[in-house]
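The following exercises are to be worked with the sequence and the coordinates at hand. Each task is followed by a solution in steps.

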Amino acid sequence: VQLQACGGGLVQARGSLRLSCTASGRTFSSYTMGWFRQAPGKEREFVSALVWRGNSTYYADSVKGRSTISRGNAKNTVLLQMNNLKPEDTAVYYCAAGYQGGRAGRLYDYWGQGTLVTVSS
């Protein structure tokens, strides 16, 4: 099982980015796809999650109203659209997949390699 995340980059404050995560190696129709991030010197934190079956979505308070998680057009792809980015959004963003899912990283079974998002002020 592999998760490939991409879409990070350097953006100015109030700009937008769309992150993409593609899963391969199995069918994730019963899984939850999540995004986490880790800023330098900080612990990894939950950003958003999408339950594949039923399409329920969840967001951290820090990104709610500025971010949208959704399925991509390609199979087993999940997108994270982030708008009105702030310097405090700077972090490495990881996608993850888990049968249980949730807001805790320990509930995810598979992790991607991460993509760096840098927001300049």
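Does Asp61 count as buried or exposed, and at what relative accessibility? At 67% relative accessibility, Asp61 counts as exposed. Here buried means under 20% relative accessible area, exposed over 50%, and partly exposed in between (1.4 Å probe, protein chains only).

The model is predicted: local features need pLDDT of at least 70, side-chain atom pairs count only at pLDDT 80 or more, and totals for chains, interfaces and linings use all residues. Residues are numbered from 1 along each chain as its sequence is written, and side-chain values use heavy atoms, with hydrogens and water left out.

**Exercise 1. Salt bridges**

Determine how many salt bridges the structure holds, and trace the partners of Asp61 and Asp89.

Step 1. The criterion is a side-chain nitrogen of Lys or Arg within 4 Å of a carboxyl oxygen of Asp or Glu. The structure holds four such salt bridges.

Step 2. Asp61 is paired with Lys64, and their closest N and O atoms are 3.4 Å apart. Lys64 counts as partly exposed, at 48% relative accessibility.

Step 3. Asp89 meets the side chain of Arg66 in a salt bridge (2.8 Å, N to O). Asp89 lies in the loop between strand 8 and strand 9, and Arg66 in the loop between strand 6 (57–59) and strand 7 (67–71), so the pair ties together parts that are 23 residues apart in sequence. Strands (E, at least two residues) are DSSP runs, numbered from the N terminus. Both Asp89 and Arg66 are buried.

Step 4. Asp89 also forms a salt bridge with Arg37 (2.9 Å, N to O). Arg37 belongs to strand 4 (residues 32–38) and Asp89 to the loop between strand 8 and strand 9, so this pair ties together parts that are 52 residues apart in sequence. Arg37 counts as buried at 5% relative accessibility, and Asp89 counts as buried at 2%.

Step 5. A network of salt bridges links Arg37, Glu45, Arg66 and Asp89.

**Exercise 2. Cysteines**

Establish which cysteines form a disulfide, and why Cys6 is too far from Cys21 for a bond.

Step 1. A disulfide is a pair of cysteine sulfur atoms within 2.5 Å. The count by this rule is one disulfide.

Step 2. The disulfide joins Cys21 to Cys95, with an S to S distance of 2.2 Å. Cys21 sits in strand 3 (residues 17–24) and Cys95 in strand 9, 74 residues apart, and the pair links distant parts of the chain.

Step 3. The torsion about the S-S bond of Cys21 and Cys95 is about 60°, so the disulfide is right-handed. Cys21 and Cys95 are both buried.

Step 4. The closest cysteine sulfur to that of Cys6 is in Cys21, at 8.5 Å, which is too far for a bond. Cys6 is partly exposed, with a relative accessible area of 41%.

**Exercise 3. Strand 11 and its partners**

Identify which strands pair with strand 11 and in what sense.

Step 1. Two strands pair if DSSP finds at least two bridges between them. Strand 2 (residues 9–12) and strand 11 run parallel and are joined by four bridges; Val11 has Val119 as its bridge partner.

Step 2. Strand 9 (residues 91–98) pairs with strand 11 in the antiparallel sense over three bridges. Val92 stands opposite Leu116 there.

Step 3. Strand 11 (residues 115–120) has Thr115, Val117 and Val119 on its covered face, and Leu116, Thr118 and Ser120 on its uncovered face.

**Exercise 4. The nonpolar core**

Find which residues have the most contacts inside the largest nonpolar core, and which strand supplies its largest share.

Step 1. A nonpolar core is a set of buried Ala, Val, Leu, Ile, Met, Phe, Trp, Tyr and Cys residues joined through side-chain atoms within 4.5 Å.

Step 2. The largest such core has 36 residues, and Leu3, Met33, Trp35, Met82 and Tyr93 have the most contacts inside it. Its largest share, five residues, comes from strand 9.

Step 3. Contact means heavy atoms within 4.5 Å. Not counting residues up to four places away in sequence, Met82 touches residues including Leu17, Leu19, Arg66, Tyr93 and Val117.

**Exercise 5. Positive phi**

Locate Arg14 and Asn84, and state phi for each.

Step 1. Arg14 is not a glycine, yet it has a positive phi of about 80°. Arg14 is placed in the loop between strand 2 and strand 3, and it is exposed, with a relative accessible area of 67%.

Step 2. Asn84 has a positive phi near 50°. Asn84 is found in the loop between strand 8 (77–82) and strand 9, and it is partly exposed, with a relative accessible area of 38%.
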